[in-house]
Amino acid sequence: MMRTHRCGDLCTEHVGQSVVLCGWVAARRDHGGLVFFDLRDASGKVQVVVDPESTTGADPHAVRSEFVLRVEGLVRNRPEGTVNEAMATGEIEVAADRVNILSEADPLPFQLDERLEADEVLRLRHRYLDLRRESMQQKLHMRAAVNAAIRRSMSGQGFVEVETPLLIISTPEGSRDFVVPSRLQPGSFYALPQSPQLFKQLLMVGGLDRYFQVVRLARDEDPRADRQFEFTQLDMEMSFADPDDVMAAITEVMQATVKEVDDPRPSQFRTMTWNESMERFGTDKPDVRFGMELVDVSEVFAATQFRGFQADVVKGVVVPGVAETYGRNQLDALIARAEALGAAGLVWVKVQTGGSLESPVAKFFDEAEQLGLVDVFGAGAGDLLLLVAGERRLVEGVLGQLRLDLGRPAVTERGLEFVWVVDFPLFEGLDDDGRPIPAHHPFTMPHPEDLEELPTASGDKLLAVRSLAYDLVLNGWELGSGSVRIHSSEIQRQIFTLLGTTEEQAKARFGFLLEAFRYGAPPHAGFAFGVDRLTAILAGEDNIREVIAFPKTQSGADPLTRAPTPLDPAQLRELGLEVRERPS
């Protein structure tokens with residue numbers, strides 16, 4: 001056998017046994033006589049003691065860091081006083097009888113030390129080295145445990161895992177597609193799926209009842225801390241289901257996953273409407289681990305003479321206990337931040353002892369407004385109030401971001417707060433032609449109570465129509481979204497008409513789905529959440545690149561393989577393609 005045991009699996013029960021180990025030299029200490037190695041494999045590390053006088057094989061003095069060795073030896077207790085409490089195998093060591101070098105290693109471009117943070121591009125250029133670090137190994141093991149827990153939970157709930165196509169038709173909905181040229185049909189293209197949406201709905205029409213898939217997908221959108229070109233998600237769909245059925249199934253998956261990875265942080269699930277989330281937190285991805293909720297003070301200034309507050313709405317947040325420590329530079333920076341986010345300005349107010357206010361605009365507030373402001377906020381001495389006036393959703397968005405800037409705890413702090421956000425608007429806005437823009441996708445079922453509004457609604461009334469859509473948010477990160485789907489041809493036609501999608505366009509893009517609905521489509525609903533994002537939060541990381549084995553950089557490049565690269569001219573000719581400069 002190449003080896004009999006793994007390094008990290010050895011313990012005092014193996015004392016007296018002869019073992020064969022294989023691994024990398026994580027550390028080396030040459031005392032002139034005896035040579036000590038910390039031998040590392042995927043299971044952990046163990047100390048190997050080599051006496052050159054009695055050990056056969058390779059010269060231990062020639063062994064360097066990250067050499068790959070095969071070691072034969074005897075497990076024994078460490079001498080008294082040399083136990084290493086920091087190592088899982090710290091009570092024992094292996095006295096080597098024979099050492100063979102399986103592979104030598106050049107000097108490393110960076111040290112594999114958890115305390116040393118190398119440049120990220122350098123780490124990704126040599127990702128195979130970075131993956132040897134214990135923290136990276138742990139995160140990938142956690143990711144595997146997350147995937148396993150998802151599959152067990154979904155299968156246990158009666159869902160059937162089905163793989164959907166990788167090469168599909170391009171549909172100009174949502175983000176940009178990655179496209180793949182067809183060699184057999186020159187001039188035609190496949191697209192890599194952004195979602196298995198249409199296929200999972202067809203599975204419901206096919207009577208499968210409950211489907212799931214842990215699936216790799218691709219979107220051509222700018223990478224960020226929580227986004228990559230390639231990503232993995234849990235995708236599911238179920239027939240004869242309403243939002244509560246889907247949310248119950250996904251909640252069970254989340255609870256099973258948290259339990260699987262032994263996360264000690266308490267997990268809580270709550271539900272709030274989209275409108276409540278915007279009103280209280282200024283975002284549809286609320287981080288409810290801390291306070292600083294948005295407060296509406298419009299009534300306080302209903303008759304104000306201060307022109308800056310003569311607006312649609314006046315709202316604010318209170319930053320507790322910082323009034324004395326925030327100087328003019330910091331306050332000016334907050335004003336600049338608010339303006340960069342789209343606000344016309346920001347008013348700061350410091351609450352002083354006795355309830356008096358310090359602010360450049362305090363002189364414009366009458367006594368009732370000053371007292372009312374402190375009362376509505378419940379503010380005390382030393383608190384800083386930040387106020388923004390203007391159009392409601394803009395004000396809430398600006399304050400929601402300032403709230404996160406000033407108060408958001410680290411990703412590892414204050415438990416796991418899951419929030420189901422429900423009753424999303426069906427449309428997120430209007431385009432230049434006054435047509436609505438879907439908030440999710442055009443197959444989302446309108447809320448039954450708002451269906452009657454659809455044929456005649458326009459403008460703000462149309463934007464007030466709710467949908468049967470729902471998102472799951474964890475610690476302020478959107479994990480995923482879902483909805484009840486439209487299975488009625490009549491309702492689907494209404495939505496397409498509102499969107500300005502002609503019958504010919506609908507047939508060209510979605511004809512196979514619409515045709516399937518003619519043969520008896522069950523009511524169905526589904527959901528999908530990002531495995532990368534979930535794993536990152538559970539691992540205490542605020543960037544999903546840290547839990548992906550081979551991620552792209554923020555510019556979309558792969559330093560390891562140097563992708564993307566130009567195609568060979570012969571390949572282009574075979575595909576019937578030529579590359580031209582992009583128009584400026």
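Which residue in S17 does Val 349 stand opposite? In this predicted model, the residue facing Val 349 is Leu 385. The pair belongs to an antiparallel arrangement in which strand S15, residues 347-351, and strand S17, residues 384-390, are joined over four bridges.

Strand S15 is mostly covered, as five of its five residues are buried. Its side chains are divided between two directions: Val 347, Val 349 and Val 351 point one way, whereas Trp 348 and Lys 350 point the other way. Buried positions thus include a lysine, Lys 350. This residue stands opposite Glu 358 in strand S16. S16 spans residues 357-358 and runs antiparallel to S15, with two bridges between them. S15 and S16 together form a hairpin, with five residues separating the two strands. Within the turn, Gly 354 adopts a positive phi of about 90°. S15 is accordingly paired in the antiparallel sense with S17 and also with S16.

A second buried site is found at Arg 289, in the loop that links helix H6 (274-281) to strand S13 (295-296). The relative accessible area of Arg 289 is 8%; this residue is classed as buried because the value falls under 20%. The side chain of Arg 289 has polar atoms placed close to two backbone oxygens: that of Glu 413 lies 2.8 Å from such an atom, and that of Pro 409 lies 3.4 Å from such an atom. Both Pro 409 and Glu 413 are among the residues that Arg 289 touches. Beyond residues up to four places away in sequence, the contacts of Arg 289 also include Arg 408, Ala 410, Val 411, Arg 414, Gly 415 and Glu 417, together with Asn 475.

Other positions are partly exposed. Leu 167 is located in the loop between strand S7 (160-161) and strand S8 (179-181), and has a relative accessible area of 41%. Together with Leu 166 and Tyr 190, Leu 167 forms a nonpolar patch on the surface. The accessible area of these three residues together is about 280 Å². Tyr 128, which is part of helix H2 (residues 127-130), is likewise partly exposed, with a relative accessible area of 42%. Tyr 128 is separated from Pro 438 by 310 residues in sequence, and the C-alpha atoms of Tyr 128 and Pro 438 are 42 Å apart in space.

Note on methods. Residues numbered from 1 in each chain as written. Predicted model: local features only at pLDDT ≥ 70, side-chain atom pairs only at ≥ 80, totals over all residues. Heavy atoms only, no water. Buried < 20%, exposed > 50% of the residue type's maximum accessible area, 1.4 Å probe, protein only. Pairing = 2+ DSSP bridges. Patch = residues over 30% accessible without salt bridge, like charges linked within 9 Å, V, L, I, M, F, W, Y side chains within 5 Å. Areas by Shrake-Rupley, 256 points an atom, 1.4 Å probe, with all protein chains shown as cover. Salt bridge = Lys/Arg side-chain N within 4 Å of Asp/Glu carboxyl O. Polar contact = N/O pair within 3.5 Å; in protein donor to acceptor, adjacent residues only side chain to side chain. Contact = heavy atoms within 4.5 Å.
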